[in-house]
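Work through the exercises below with the sequence and model open. Try each task before reading its solution.

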Amino acid sequence: MDQSMYSNWDTSTDNGHDDLLHQHESPFSLNTPVVENEFVTAPAIDAYIERESPFFNPLTTATAEGESFGPQEQAFVQFLDEIQEDEFSEAIVDLANEAERYLAEHVSSQHTSNQLRDAQMEEEVLTNHFQPLAVASENLMDHLMRDFAKLDQETLTEGQIDDIFERYESNHSLGNPVFEEFLKKLWKKAKKAAKGVAKVVKKGINIVKKLNPMNLVLGRLKKMARGLLGKIVRKVINRLPQMLRNPARMLARKLGISAELELNEMEEAELMVEDQEFDLSPVLPPASADLEILEQEFNLRLAEQTFANTEEEADQILAAYNDTRQDLQDREAEARFEHARERLIEALQTAQSPEEVRPHVEEFVGTALMVLRWGIRIIGRKRVINFISGLFTKLIARLIGKKYAAPLARTLVSKGFSLLNLEVSEHEADTAAAESIAQVLEEITYHTTGLSAEVLNDQELLEQEIVEQFSALVAQNFPSDMVQEELRESEVGAAWVLLPRRGRRRYKKYSRVLEVNLDRAKVRGIKTFGGQYLQSFLRRRHQLGGSYKVRVKVHIYQAIRGTTLSHISLLERNVRGLGSSRRSAWSQIHPLTPQVAGQLLGNPRLGSRVAARWLSNRNRIQVGQRFYYLELVSQAAGTPPAPVRPQPPRPVLPGIPSGVTKDDAYVKLDFTRSTMTLALMMTEAKAAEVTRRIKANDYLGAATTFRTSIRDALNNILLKDIGRHVKVVMELSEDQYLEDFLGKLLKAGGRIVGGAAKEGLKMAVKKIIQRLVKLAEKALANHLRRLRNDFIRAQENGAQGLTLHLVFVDMPGMALIRTLFKLKQGRPVSVGDVTGTVIPAIPTPDLRIFPGRKSL
Amino acid sequence: MSLHLIRQIDHWQAATQRLSDFQGLASASTWEQLERYTDTFLRARLGASVRRLQQEADHLMQLARQEGAREEDILRDLQQLRRRYLATEVTLDYFGDAINTRTNPSLGRHLAALDKLAGAAIERALRPLGHLVPPVMTYIDKGLGASILKAGLRLWDQRGVNPVAVIKVVRHNIYRPTALIHEAGHQIAYALNWNAELAEVLRRELSSESPVIGNLWAGWSSEIAADAFAFAYTGYGAVATLHDVLSGGPNLVFQYRPGAVHPMPYLRTLLGIEMCRLAFGSGPWDDLERNWIASNPLHQLEGEIIPWLKLNRLMVPKVAAIVLQRPMRAFGGSSLQQYLPIQEVHPRNLLQWGSRLGPPNAWPVSDLRNNSLRLLALSVYKQVTESYQSPAFRREMDHWFSRLTDWPSLHHSQPQTAPALLGEY
């Protein structure tokens, strides 16, 4: 790079930094032979998945069609399926947000310099805050066990189970609505578990405490409830941007299934890297822990304990579940990193020369990589750290020393803090300047973990990559006035400001709050999380339907390590509509991709490019990802809106299912029963629309309203990487989402047999989807005609909205998908085998109608 | 001697006799709810006053029956007896009414716990400096704010000083009794003579701005001192509770009467917030301040008061620093925040302390007694910051209040439906 990316700086002291490529001392000699595979390219994955090996791939045991599996395995899988409860995941996320809120309001701004002690204090305080919920959960299980103990559990009927559970359905008064909601969901899960285990007993499956199965499952639930709360507390406190260990990879050992092929981390890493070949989004870690996976882990451990051979075995599983050692190690790593960060920031403020800063840069990079668990097996890790540190120190040399750092501090104030109406002292401004530099280094470190072996092995490529990243990140972290014109994200002077100013930094905010006019045309096609349209959101939340014109303020945010959308919402107290950690607040924050930024703001550079997986739900976001919040200012005069009047909310009464808050679609593939179920959830508004059509005998019209939802759902599920809407029930003891399998299967297939077969596979799947959509629509029209009264009755039920389940029973098309799984075994498959596969006749699905929300 | 005079003397003499029956003031069971120490002091003081009056009545009767007594002298002495009787009766009634608010047993227990809390606050401040610690009695009444009849003040009967600090608490704040500690603070400041010292310092330090400003804040010193003690013992809970009491609309918030001892509520709340900031840094008071300023915009006031208010607002940090950090003779040369353990009521420390020790209903009584003030601070803090859980916190307070005074818990609020899921929590 032969020109500085900094503009408007004092260039009077030319210390020869113009030609960076040849200035710094390289730790590598240019004549040193490059050792092949010196760098192992597992880094990105290491950050996300647990390192315990072996990776157990249950799919590998699907060796042939028609192969049957033991009744115990089937029962295990079906039990696991039955206790799954979508809303429990949501309740876990809400609890985590409540924990964040509690910390933010009571202790977060009062940290000491001893992070470990602060973390311990936070854990004590949060555990105490959750104590009423823990006690109530345990008491609930005790009451249930006591009531069940009076009945003959061998002949227990579902009705009896319902009766007992209903006694405790509404007795959840804890004073804290989040606690109450969690307790309600725990009650639901306990009920599902009770019914599940009753079925297991009826099938004659041998489990411990066969004579007292309720005591078994409820007793285990009781013991796990407090453990789950502890996990939530620790995840909130540790704030590490790591995905929790995928519980699917820590599977039931009791089934004795040995893997025929284990996809090791190397191959998985290569698959992930290949993924990136077709997706230019940066490979960055998640901003915070994926909490929804806690439910999966909870279910799996509960199922394992239920099916354990002995009490001792169950106790061991419970002990492993409650083990906090990894959390404590993570906490220590985080503390070391924070300490290194503080030292770096201090050094940047006081140093007079780059040499003074260099050791702190090195320490920072090293601890950052440890936190990300990168490079545990990397041979040249130390060399990479040295290289990055040396290069970075040279790149920021211009900023070291008061004379050079002062302009940055001043501009941060004038173009950053002042625009956000934040007053900062001179010292705070100096610190903010140093923090900006540290943030650039942190983000460069993240980027490094996503680089391929080829780049890491090649000094020149690595240098080029880092310098390029440095330029891009300077544009994202420094005030635009200090950045070269061609790198600037915007014409107007602005800066990204780390917030909050008191306590730990949790997110960045763009200092310019842009005002735009919004109308239907402007938002057309813009999607938000989960593939929902922004227009649907505006109609639901702000009653903007028909033609409208409103003026909005656009607040723009960026995630850093530890960011959650609920925390942004909580801390943005001065923004109307935010200032709370409630779901209703943070669900108004949307992803700002380049496409959305271009369409809404006329400036795509303000958006961030991310892989599709980071757009599936608000609880899973990536470091560096950007978001926006629309604050309605006014509606333009002369264009009166045609608001869609929302239905008044109905009180949630005991026995009434929970409502549907947004139109959505889910698919469940149950290989144990060769069944595919398509769940279509519709809001009250949509249900009313469908009812209107049915009453007018327009059944085809009613069915057509679902066409887009069905097509989008199946496309997303089978072709794209939005796995959240899919559930797969395998013969083996594992629930997997297709994003973990089918995506890689397609790529694995492509790798093994070549690109043509990959395309062939895609075409085959697309054909299935087309056929499924047509069939589903036709079946819906027929069923709605036949079940018209049932539909109308369900719509008039007290619950909000409706769920339709289209169930394809004994679906032969499942075999094709099973064929795809075979590819993962590494068996050679000819192109003909794939493209020649006949798409079989798909049976007409059954229709089931449920009031409110009914998960799969 | 005129028959009419004798008759009147006889009437008043009989009346004074009846005053000695303290059961007529308050029932035996309500007297029993007082601390023994308080009961003894009170009975002694009131008894002495009544006996003195009786002696005067007896002596007057004797005089009246003597040969040669002059009617005009007897008449004059009779008038004096009447005045003294009425004054004594006022004194007795004051205490009787106060004691009678304990007629309801559960309320009596609650007030007994408040007696202990106020007593603990006064003792903690006075004993290390060698001052005597007066007994405390609380009673409940209507109204917005608490008040105190300080021990050591002359009573209406003119027979001597008040032996017992009597603190009125108001019904609406009975579960957030930080005002109790404010009133106890008045007793402490009076005993230590801090009011005068603080006034002197404020006047001197703020007069550099203007003598008027200096005198203004000096005139508010007694209330500032009491607020400071409430803050020192109960932290942010005292500030938030005071804020709630003072949030009575602009007429109250901006109320200013020259010569009044209470600071203008607008400034008084900001002073409490500033004390929080000075002692604890950032916290929920930042939001309280934003809300207070936004809810009480200055532009609604008439022109000339605004610059005056803005100038006084600028004084607030300085006043807070003087109150908390200036060494004072009253505290033996220490500052208030050196003399009292204010950091114990830092929210972080409170919550961590509470988490470690667990629910107070499981503590030994001795621990409750030794930590009652800090527990009060924690309880009020939780009520003012997590208000949706206030019912649970109030139930918890009922429990430990009962145990504090060694009476069995009277938890009447168990739900009548399916078993309470909280059990013993």
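The exercises cover a strand pair, backbone outliers, salt bridges and a charged patch.

This is a predicted model, in which local features need pLDDT of at least 70, side-chain atom pairs count only at pLDDT 80 or more, and totals for chains, interfaces and linings use all residues. Residues are numbered from 1 along each chain as its sequence is written, chains are lettered from A and ligands numbered from 1 in the order in which they are written, and side-chain values use heavy atoms, with hydrogens and water left out.

**Exercise 1. Describe the cover and pairing of strand β7 (residues 664-670) of chain A.**

Step 1. Strands are DSSP runs of E with at least two residues, helices are runs of H or I with at least four, and both are numbered from the N terminus.
Step 2. Check the cover. Buried means under 20% relative accessible area, exposed over 50%, and partly exposed in between (1.4 Å probe, protein chains only). Seven of the seven residues in β7(A) are buried.
Step 3. Sort the side chains. D664(A), Y666(A), K668(A) and D670(A) point one way. A665(A), V667(A) and L669(A) point the other way.
Step 4. Find the partner strand. Two strands pair if DSSP finds at least two bridges between them. β7(A) pairs with β8(A) (residues 675-682) in the antiparallel sense, over seven bridges. Within β8(A), M681(A) is the bridge partner of D664(A).

**Exercise 2. Locate the backbone outliers at N421(A), N697(A) and P500(A).**

Step 1. Recall the background: most residues other than glycine have a negative phi, and most peptide bonds are trans.
Step 2. Take N421(A). Its phi is positive, near 60°. The residue sits in the loop between α14 (402-417) and α15 (426-449) of chain A. N421(A) is exposed, because its relative accessible area is 70%. Its C-alpha atom is 9.4 Å from that of S511(A), 90 residues apart along the chain.
Step 3. Take N697(A). Here phi is also positive, at about 60°. This residue is in the loop between α23 (684-695) and α24 (699-704) of chain A.
Step 4. Take P500(A). The peptide bond from L499(A) to P500(A) is cis, with omega near -5°. P500(A) belongs to the loop between β1 (496-499) and β2 (507-510) of chain A.

**Exercise 3. What does the salt bridge between E489(A) and R626(A) tie together?**

Step 1. Define the contact: a side-chain nitrogen of Lys or Arg within 4 Å of a carboxyl oxygen of Asp or Glu. The structure holds 74 such bridges over all chains.
Step 2. Check the distance. The closest N and O atoms of E489(A) and R626(A) are 2.7 Å apart.
Step 3. Place the partners. E489(A) lies in the loop between α17 (459-477) and β1 of chain A and R626(A) in strand β6 (residues 626-635) of chain A, so the pair ties together parts 137 residues apart in sequence.
Step 4. Check the cover. Both E489(A) and R626(A) are buried.

**Exercise 4. Which helices does the R277(B)–E289(B) salt bridge join?**

Step 1. The side chains meet at 2.7 Å, N to O.
Step 2. R277(B) lies in helix α12 (residues 265-280) and E289(B) in helix α13 (residues 284-295) of chain B, so the pair ties together parts 12 residues apart in sequence.
Step 3. R277(B) counts as partly exposed because its relative accessibility is 22%.
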